Amino acid sequence: MNELNSWQEEQRSAYLYRVLAEIEKGTPRERLFSELAHEADAQSGIWVDAARKQGSQVPAAYRPDLRTLIVERLTRRLGPRHMRSMLAAMKVRGMSVYSRIDPGHSMPDAATGMERRHRGLAGGGNLRAAVFGVNDGLVSNASLILGVAGAAAEPGIILLSGVAGLLAGAFSMAAGEYVSVRSQREMYEYQIGLERDELGAYPEEEAKELALIYEARGMPWVEAKRLADSMIADPELGLDTLAREELGLNPDELGSPWGAATFSFLSFAIGALIPLIPFLFGKSGSALYVSIGLTAAALFAVGSTLSLFTGRGALRGGARMLLIGAAAGALTFGIGNLLGVGLG
């Protein structure tokens with residue numbers, strides 16, 4: 001562990017804690033972040049002493065770098081709740097106070113806070129992610145096929161464009177999911193490494209930080225301190241608890257980058273394949289009309305399925321999705337027709 005890097009991490013955390021305390025002025029969270037800033041300053045002092053023992057020079061004062069200043073500006077503008085994942089990546093603890101979870105319970109992962117709609121890592125989330133993936137493939141490829149059909153009615157050209165759209169879209173979705181989940185995991189691994197080092201270096205200070213978070217979420221101080229001490233007494237349990245309560249991360253719900261990429265690829269490809277099926281089995285002029293019919297039926301089915309997650313009526317959800325898809329298809333067909341006439 002590099003002592004100067006650790007000093008800089010703590011000073012940066014203290015700087016951002018004070019920004020959060022200023023934003024939360026007049027609320028119970030103001031005290032939390034003020035206390036956490038004080039703790040970060042104290043912990044940075046530990047690293048100063050360690051660095052000097054190693055013969056290293058420590059800067060006289062901390063100066064925030066560009067990244068820190070950008071995060072500060074965004075936090076002031078958007079609010080801490082919307083910046084939870086980014087603040088956690090900057091070693092700002094206590095983000096769990098922005099989630100309605102009782103102390104000691106599992107925390108949602110950071111990606112949930114960002115409302116990643118294509119990712120479902122457990123339970124019904126898989127179904128929801130699959131429906132959205134199918135919907136994306138369905139709407140985008142149907143629109144592409146109609147746009148090409150508007151410009152050139154030759155089935156061979158439409159088929160080639162549809163296959164290209166399916167592959168390009170599916171690979172793009174898979175790559176995006178892989179990078180997103182991989183980045184989330186790397187952030188978690190880095191942050192949990194910092195927590196492991198700090199837990200070994202000063203467990204009492206980590207226990208106090210945890211108790212402050214519990215207190216800010218409504219637990220009396222004495223009980224919060226007792227619970228925090230009992231958690232930190234077991235190194236493995238303490239590390240897991242710090243990840244959940246300080247970072248707002250759930251180690252059990254990070255998911256696999258390759259699994260997320262494969263899931264996204266397949267769900268998008270299934271949706272994109274539906275409007276393409278008639279052109280795979282026939283090259284007659286009726287293939288386009290069959291494609292439109294299949295797409296319309298699939299759009300209605302997707303909209304009806306989404307009603308399971310919205311609580312709205314299935315007929316209303318299906319009709320709305322059908323209307324949205326029809327508007328997108330009509331627009332791309334019209335643009336394709338205009339381009340075809342213009343180029344012709």
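A pocket, as the word is used here, is an open set of grid points with protein on both sides within 12 Å along at least five of seven lines, and its lining residues have an atom within 4 Å of a point. With that in hand, the second largest pocket of this predicted model is a handy place to start. Helices α6 (125-151), α13 and α14 each chip in at least two residues to the lining of this pocket. The top contributor is α14, with six residues. The second largest pocket holds about 230 Å³ of space. It is lined by 15 residues, and the closest to its centre are Leu146, Ile292, Gly325, Ala326 and Gly329. Sorted by class, the lining of the second largest pocket has ten nonpolar and five polar residues, with no charged ones.

Stepping back to the whole chain, there are 14 helices and zero strands. Of the 344 residues in the chain, 45% are buried. Helix α14 covers residues 314-343, and Ala319 sits in it. Ala319 has a relative accessible area of 39%, so it is partly exposed. Gly303 is 16 residues away from Ala319 along the chain, yet the C-alpha atoms of the two are separated by 7.1 Å.

Empty space also turns up inside the structure. Rolling a probe the size of a water molecule over the atoms shows where such space is left. The search of the whole structure comes up with two cavities of 30 Å³ or more, and the second largest cavity has a volume of about 40 Å³. Its lining is made of Glu10, Ser13, Tyr17, Ala40, Gln43, Lys91, Arg93, Glu198, Glu206 and Glu209. In terms of class, that works out as six charged, two polar and two nonpolar residues for the second largest cavity. Helices α1 (3-23), α2 (28-53) and α8 (203-216) each supply at least two residues of this lining, and α1 has the largest share, with three.

Now for the charged pairs. Side chains of opposite charge can pair when their charged atoms come close. The structure has nine salt bridges. One of them joins Glu22 and Arg76, whose closest N and O atoms are 3.2 Å apart. This pair ties together distant parts of the chain, with Glu22 in helix α1 and Arg76 in helix α3 (residues 66-78), 54 residues apart. Arg76 is partly exposed, because its relative accessibility is 38%. Glu22 and Arg76 also belong to a network of salt bridges together with Glu72.

Another salt bridge pairs Lys208 with Glu39, at 3.1 Å from N to O. Here too distant parts of the chain are linked: Lys208 is in helix α8 and Glu39 in helix α2, 169 residues apart. Glu39 is buried, because its relative accessible area is 5%, whereas Lys208, at 29%, counts as partly exposed. Glu186 and Arg182 form a salt bridge as well, at 3.6 Å from N to O. These two residues are four apart in helix α7, so about one helical turn separates them. Glu186 counts as partly exposed at 43% relative accessibility, and so does Arg182 at 24%.

Last comes a nonpolar patch on the surface, formed by Val163, Leu167, Phe171, Leu273, Ile277, Leu280, Phe281, Val290 and Leu294, with about 800 Å² of accessible area together. Helices α7 (155-201), α12 (277-281) and α13 (287-310) each supply at least two residues of the patch. Leu294 lies in α13, and at 33% relative accessibility it counts as partly exposed.

Notes. Residues numbered from 1 in each chain as written. Predicted model: local features only at pLDDT ≥ 70, side-chain atom pairs only at ≥ 80, totals over all residues. Heavy atoms only, no water. Patch = residues over 30% accessible without salt bridge, like charges linked within 9 Å, V, L, I, M, F, W, Y side chains within 5 Å. Areas by Shrake-Rupley, 256 points an atom, 1.4 Å probe, with all protein chains shown as cover. Salt bridge = Lys/Arg side-chain N within 4 Å of Asp/Glu carboxyl O. Buried < 20%, exposed > 50% of the residue type's maximum accessible area, 1.4 Å probe, protein only. 1 Å grid on protein atoms, 1.4 Å probe; cavity = no way out; pocket = protein on both sides within 12 Å on 5 of 7 lines; lining within 4 Å. Points joined across faces, edges and corners; volume = space filled by probe spheres on them. Nonpolar A, V, L, I, M, F, W, Y, C, P; charged D, E, K, R; others polar.
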